[in-house]
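Open the model in your viewer and keep the selection box handy. We'll go from stop to stop, picking something and looking at what is there.

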Amino acid sequence: MANGDCDGAIVLFDEALGMSVGKVEALEIDINYYKAAAMVSANRYEEAIECYNNLIAFDDKNYEAYFLRGSVYAKSGDVVSMTEDYNRALTLHRRDYELYIKIYENLTALGMSEQGVAYLNTALDLSDKSPESYFYRGKIYYLLGQNDSALEQLNTAMDKDVTEAKLYIAKVYQSTGDDVAAEQLLLEYASSEDVSSEVLESLGEIEMNSDNYDRAYEYFSAGLNSGDTDTRQQLLKGQIVALEYLGRFDEAREILNTYIAEYPDDLQAAEEAIFLSTR
């Protein structure tokens, strides 16, 4: 699956499930999730939906299965079923800000940003005074482009020792063109034990904006080596662009081939492959 051979992965997942002793346990559930993910990557949407149907039939209170099935419906263009599943997931897990944000990101990536924004606005109506809630509301305001409200919430979160708030304060600074203040915060965050691939990606972006392509590449590489997969797609893209600016086209092509295998729906990457083929 990691090498892009999703059809081969599905065969092996089926073989693994065939070795089950008839009792559904945690391993069988995990294999089904992996199998469904492989089916989505192989554009076998109907089979992926059937896989999630089975997971939901086993546990109809599992919000994650509804969310994932809704995301497959979104990819296949079934907006009605998508909405039903997303809303069901939120009914089961209503106070999960990250779930609202993931739905927004999925819809925005599919060109349905207006629907995605509606979910973010709903999340802002949640009644929650935990330290983390200030961080998530700040992140949501940042995604909505409301920088003043974002800073207000994020600074409160930082005062309440939510370290990750520094990352999004830095992102707000970046969006307003203040890369110096953003970099200062990010470097402070990067020196802590809470450093994430997202921090390293943002530092890479700042170095790219300053034409420091070697340092940008180092940050993108460090993000990929961190083992945190949340920003893998952006980090790979960053590596490719940095290598192009450095004139290291063979290395850029090699990483681009990996990227296309993992993210075949990215048409811009296909165009980039054509560009690199002439270098």
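Select Y245 to begin: is Y245 buried or exposed? Y245 is exposed, because its relative accessible area is 53% (exposed means over 50%, buried under 20% and partly exposed in between, with a 1.4 Å probe and protein chains only).

Before moving on, some housekeeping. This is a predicted model, where local features need pLDDT of at least 70 and side-chain atom pairs count only at pLDDT 80 or more, while totals for chains, interfaces and linings use all residues. Residues are numbered from 1 along each chain as its sequence is written, and side-chain values use heavy atoms, leaving out hydrogens and water.

**Zoom out**

Show the whole protein as a cartoon and you'll see 16 helices and zero strands (DSSP runs numbered from the N terminus: H or I of at least four residues for helices, E of at least two for strands). The radius of gyration is 20 Å, close to the 19 Å that the globule rule gives for 279 residues, so the protein is as compact as a globular protein of that length. That radius is taken over C-alpha atoms, and the rule is 2.2 Å times the number of residues to the power 0.38. Buried residues make up 42% of the 279.

**The stacked tyrosines**

Now add Y213 to Y245. Their ring centres are 4.4 Å apart and their planes are at 5 degrees, so the pair is stacked. Rings of Phe, Tyr and Trp (its six-membered ring) pair if their centres lie within 6.5 Å; planes under 30 degrees apart are stacked, over 60 edge-to-face, and the rest tilted. Y213 is in helix 13 (residues 213-225) and Y245 in helix 14 (residues 232-245), 32 residues apart. Unlike its partner, Y213 counts as buried, at 16% relative accessibility.

**Along helix 13**

Select residues 213-225. The buried residues here include Y217, F220 and L224, and the buried set packs against helix 11 (179-190), helix 12 (197-209), helix 14 and helix 15 (249-262). Look at Y217: R248 lies over its face, 5.0 Å from the ring centre (CZ of Arg, or NZ of Lys, has to be within 6 Å of the centre and within 35 degrees of the ring normal). Just past the helix, G227 has a positive phi, near 85 degrees.

Next, pick L235 in helix 14, which counts as buried at 0% relative accessibility. L235 and F220 are 5.2 Å apart, C-alpha to C-alpha, and 15 residues apart in sequence. Beyond its neighbours within four places in sequence, L235 is in contact (heavy atoms within 4.5 Å) with S197, E201, F220, G223 and L224.

**The largest core**

Where should you look for the most contacts inside the largest nonpolar core? Try Y86, I103 and L154, in a core of 64 residues. A core here is a set of buried Ala, Val, Leu, Ile, Met, Phe, Trp, Tyr and Cys residues joined through side-chain atoms within 4.5 Å. Another core, of 16 residues, lies apart from it and has A216, F220, L224 and I255 among its members.

Stay with L154: Y134, F135 and Y168 are among its contacts beyond four places in sequence. F135 and Y168 also belong to an aromatic cluster with Y97, Y136 and Y142. K171 lies over the face of Y168, 5.7 Å from the ring centre.

Last stop: S133 in helix 8 (residues 131-143). S133 counts as buried, at 1% relative accessibility, and outside its neighbours within four places in sequence it is in contact with Y97 and D128.
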